[in-house]
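This report goes through one protein chain, starting with its sheet and ending with its helices. Keep the structure in view while reading.

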Amino acid sequence: MHSEQDTAQLNLDEEAARYGERAAREPSARAEFVELCLPLAHRLAHRYRGRGEPFADLEQVARLGLVKAVDRYDAERGSFTAFAVITILGELRKHFRDRTWGVRAPRRLQDLVVQIRHAGSDLTNTLSRAPSTTELADRLHTTTDEVDKAMLSAAGYTLLSLNAPVTSPGSGGGTAERGDLIGEVDGDLAAIDDRLTIQSLLDRLPERERRILILRFYGNLTQVEIAQRCGISQMHVSRLLSKTLAWLRHAMLSDTPPHWGEVDEASLEAPRLRVTTTPAGGGTLTVAIGGEVDRDSADELRQAILNGLARRPHTLHLDLSAVPFIDAAGIAALISGYQESRRAAVEFRLRGTQPHVRRVLAVARLPYM
């Protein structure tokens, strides 16, 4: 293998001419010529050493450029050495442009960043000060807006690690990781609109309903304890809480919240679960469920399944096509019904599930159609 000193004494243009004569008849000529030119690729790669890229990678890129130069060279176009140098340097610059940017910027901005650096250095020597954006734009025959975009893009060349240690303000000289100093979304701040809306709606409630609501959710009292304090029955407390919460839900979704006495109490009640039982031939029973299934209606769902099993069908179809939502309590009711059906040797099938319900059932590993 030739050393750099030997290669420096070689005329690569003459060797290229010899290679052109041998290439057609000697298959090994290409490999020998490439090996002869490797020191040239090494020297060109060395120019870019110390710019943040491993030298081994740069040398591999330069060698790839050399192979491309050998394969593309046409003796009629002039000097091989000049063509090889241009090709290798192009591959090295392309490597830096495409592989070393932390955040990819448009090609025109990447090229402009390089031009700005050279122009900035020249103008600094001429003016004895840092050039302004206008002066850089005039020198490069572009607009100040393009210069600003390029300088902003230059910040994406090298990214800082979130795990990099930094001195934390007010830490008495201690260090923290950069990621620790980045703020997060404040959940309480995001909910401030809802809190303010609820506060204004609470002022619209009658005094008794407002007191019951506060005792239940701020005082954490049970309905029995609230009933004792207010001098009413526990069932009355339950009805008032349901009515108040339903009115708040209605008012929260309205652009103009209604007054307490302007809304029909029947419309404020939470919708009950709709259950329809339809027998079919072949020992099949279909129980159709309608409405949302949550902790308030889960017991109704469980009882509907048990009532269907009590009729001893061969197959129980539970139609959930009219159920848009189901929570953990509803899933618990389905699991309970599924277990009861297995004990009763009844085939239990869920069908007609909507997308949300289907995802929940998949997590719970309940069979559905």
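Strands β4 (residues 284-290) and β5 (residues 315-322) run parallel and are joined by 6 bridges. One bridge pairs A288 with D319 of β5. The model shown here is predicted.

**The sheet**

Strands of a sheet pair through backbone hydrogen bonds, in either a parallel or an antiparallel sense. In this chain, β4 and β5 belong to an open sheet of 4 strands, arranged in the order β3-β4-β5-β6. The pairing in this sheet is mixed. Which strands form the edges? They are β3 (274-280) and β6 (347-351), each of which pairs on one side only. From one strand to the next, the twist averages 20 degrees.

The edge strand β6 pairs with β5 in the parallel sense, over 5 bridges. Within this pair, T315 stands opposite E347 of β6.

In a regular strand the side chains alternate between the two faces of the sheet. For β6, which residues lie on the covered face and which on the uncovered one? F348 and L350 are on the covered face of β6, while E347, R349 and R351 are on the uncovered face. E347, the residue that T315 stands opposite, is thus listed on the uncovered face of β6.

**Two helix pairs**

The chain has 17 helices and 6 strands. Two pairs of helices are described here, with their crossing values in the table.

| Helix pair | Axes come within | Crossing angle |
|---|---|---|
| α6 (residues 107-127) and α7 (residues 133-140) | 10 Å | roughly 110 degrees |
| α10 (residues 192-202) and α13 (residues 234-252) | 11 Å | roughly 125 degrees |

Take α6 and α7, whose axes cross at roughly 110 degrees. Because angles from 65 to 115 degrees count as roughly perpendicular, α6 is roughly perpendicular to α7. The crossing of α6 past α7 is right-handed. On the α6 side, the contact is made by L112, Q115, I116, A119, G120, D122, L123 and L127; on the α7 side, by E135, L136, R139 and L140. Sorted by class, the residues of this contact are 7 nonpolar, 2 polar and 3 charged.

For α10 and α13, the crossing angle is roughly 125 degrees, and the two helices are therefore oblique to each other. The crossing of α10 past α13 is right-handed. Here α10 contributes D194, T197, I198 and L201 to the contact, and α13 contributes W247, L248, A251 and M252. How many residues of each class does the contact of α10 with α13 have? There are 6 nonpolar, 1 polar and 1 charged.

**One residue in α17**

R358 is found in helix α17 (residues 355-364). Is R358 buried, partly exposed or exposed? R358 counts as partly exposed because its relative accessibility is 33%, and the partly exposed class lies between the cut-offs of 20% and 50%. The C-alpha atom of R358 is 9.8 Å from that of L320, although the two residues are 38 apart along the chain.

**The chain as a whole**

Of the 369 residues in the chain, 33% are buried. What share of the contacts between residues at least 6 apart in sequence joins residues at least 24 apart? The share is 56%.

Notes:
Residues are numbered from 1 along each chain as its sequence is written. This is a predicted model: local features need pLDDT of at least 70, side-chain atom pairs count only at pLDDT 80 or more; totals for chains, interfaces and linings use all residues. Side-chain values use heavy atoms; hydrogens and water are left out. Buried means under 20% relative accessible area, exposed over 50%, partly exposed in between (1.4 Å probe, protein chains only). Axes are lines fitted to C-alpha atoms, for helices over the stretch in contact, and angles run from 0 to 180 degrees between N-to-C directions. Angles under 35 degrees count as roughly parallel, over 145 as roughly antiparallel, 65 to 115 as roughly perpendicular and the rest as oblique. A crossing is left-handed if the near helix is turned anticlockwise from the far one by less than a right angle, and right-handed if clockwise. Contact means heavy atoms within 4.5 Å. Ala, Val, Leu, Ile, Met, Phe, Trp, Tyr, Cys and Pro count as nonpolar, Asp, Glu, Lys and Arg as charged, and the others, Gly among them, as polar. Two strands pair if DSSP finds at least two bridges between them.
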